[in-house]
Amino acid sequence: MIHQIIDIKVDYKAAGIDGKGSPKLYTYIIDHSPEMDYHKARPAVIICPGGGYSMTSDREAEPVALRFNSLGFQAFVLRYSVMKVRFPGALLELAKAVATVRENAGEWDINPDKIVVCGFSAGGHLTASLGVFWNRDFIKKPLGYAGQEIKPNGIILSYPVISSGRFAHLGSFKNLLMDRFEQDLETVSLEMQVSSDTPPAFIWHTYDDAAVPVENSLLFALEMKKHNIPLELHIFPKGVHGLALATKETGYIEESCSNWPEMAARWAENL
């Protein structure tokens, strides 16, 4: 295992953002071995833990990375900035993280055409934001990219925060937008931002999620269908918000949906 902590450097001022973040990308890279398919190009997953844009949850970080390692993925955890820089600060950080993984694909034994981002709750909002905004100038220009370098090949949304409307988790949006809550609230309602350029998605949610209503996933999936974008959607009958792996290891056990990583891995392999 190659475990590194990489500083993700972003010029926030170029994006018109006050403050300074301190994002870090943690690598969980399966080292190559002549005994096991030497230098195999593996799919990669960049994990964005949830936490209402006020923190990044440990339960949705390393345990998820290790599970994806066991499924043959090179895994990364992005500890993005919260409560330090407003939107689109964390989004710029995630875009830079995707570009970093793609730029190092050869060294890290990664298939550059199978880089997916997996987000939980507010981290799901961040992940979906990259999915809908990756080709917008307000993301590309501050980073100096043309666009394709930062586009994920797919997105995995785990009980994501999506809508700022009727079914909003308002706390997440207040932390994300800070002093621009009123001005930018509609912009970050992501079901309104889906386009034909949005990458394929694997989405899962629980029917009785009391914190982030299942309608968030349904609204996003409906818009993807309208734009003819491939998606796989699973609504499990029960389970509290924040299930992570839905196993004892991550705090909440819900056997009915604990196989979601295997399902997501199969989906990613077929991108």
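Let's start with Ile 6, which is found in strand β1. Keep in mind as we go that this is a predicted model. Is Ile 6 buried, exposed or something in between? With a relative accessibility of 21%, Ile 6 counts as partly exposed, because buried means under 20%. Its contacts, leaving aside residues up to four places away in sequence, are Pro 23, Lys 24, Leu 25, Thr 27 and Trp 108. You can also pick out Phe 181 on the screen: that residue is 175 residues away from Ile 6 along the chain, and their C-alpha atoms are separated by 31 Å.

Now let's widen the view to the sheet. Eight strands make up an open sheet with mixed pairing, and the order to follow with your finger is β1-β2-β4-β3-β5-β6-β7-β8. Which strands sit at the edges? They are β1, residues 5-7, and β8, and each of them pairs on one side only. On average, neighbouring strands in this sheet are turned by 20° against each other, if we ignore direction. Helix α2 packs on the sheet, where α2 touches β2 (24-28), β3 (42-48), β4 (74-79) and β5 (110-120). The direction of α2 makes about 150° with that of β5.

Next, please look at the β8 end. Strand β7, residues 201-206, pairs with strand β8, residues 231-236, in the parallel sense, over six bridges. If you want landmarks, Ile 203 stands opposite Leu 233, and Thr 206 stands opposite Phe 236. Between the two strands comes helix α7, residues 215-226, and β7, α7 and β8 together make a right-handed β-α-β unit.

His 234 lies in β8 too. Its relative accessible area is 18%, so His 234 counts as buried. The side chain of His 234 makes a polar contact with the side chain of Glu 232, at 2.7 Å. Setting aside residues up to four places away in sequence, His 234 touches Phe 202, Ile 203, Trp 204, His 205 and Met 263.

Met 263 brings us to helix α8, where Met 263 is one of the buried residues. Why do we call α8, residues 260-269, largely enclosed by the rest of the structure? Because seven of its ten residues are buried. Besides Met 263, they include Trp 260, Pro 261 and Trp 267. The buried residues of α8 pack against α1 (62-70), β5, β6 (154-158), β7 and β8.

Last topic: the nonpolar cores. In soluble globular proteins, nonpolar side chains tend to be buried together. Here, the largest nonpolar core has 60 residues, and those with the most contacts inside it are Ile 46, Phe 76, Leu 94, Val 101 and Phe 220. Which helix gives this core its largest share? That is α2, residues 89-103, with nine residues. There is also a second, separate core of 29 residues, and among its members are Ile 47, Phe 73, Cys 118 and Cys 257.

Let's finish on Phe 220. Not counting residues up to four places away in sequence, Phe 220 touches several residues, among them Ala 128, Val 132, Ile 155, Leu 157 and Ile 162. Ile 203 is on the list of Phe 220 contacts as well, and that is the residue we saw standing opposite Leu 233 in β8. Thanks for listening!

How values were computed
Residues are numbered from 1 along each chain as its sequence is written. This is a predicted model: local features need pLDDT of at least 70, side-chain atom pairs count only at pLDDT 80 or more; totals for chains, interfaces and linings use all residues. Side-chain values use heavy atoms; hydrogens and water are left out. A nonpolar core is a set of buried Ala, Val, Leu, Ile, Met, Phe, Trp, Tyr and Cys residues joined through side-chain atoms within 4.5 Å. Buried means under 20% relative accessible area, exposed over 50%, partly exposed in between (1.4 Å probe, protein chains only). Helices (H or I, at least four residues) and strands (E, at least two) are DSSP runs, numbered from the N terminus. Contact means heavy atoms within 4.5 Å. Two strands pair if DSSP finds at least two bridges between them. A crossover is right-handed if, with the strands pointing away from the viewer, the path from the first strand over the helix to the second runs clockwise. Axes are lines fitted to C-alpha atoms, for helices over the stretch in contact, and angles run from 0 to 180 degrees between N-to-C directions. A polar contact is a pair of N or O atoms within 3.5 Å; within protein, one must be able to donate a hydrogen and the other to accept it, and residues adjacent in sequence count only if both atoms are side-chain atoms.
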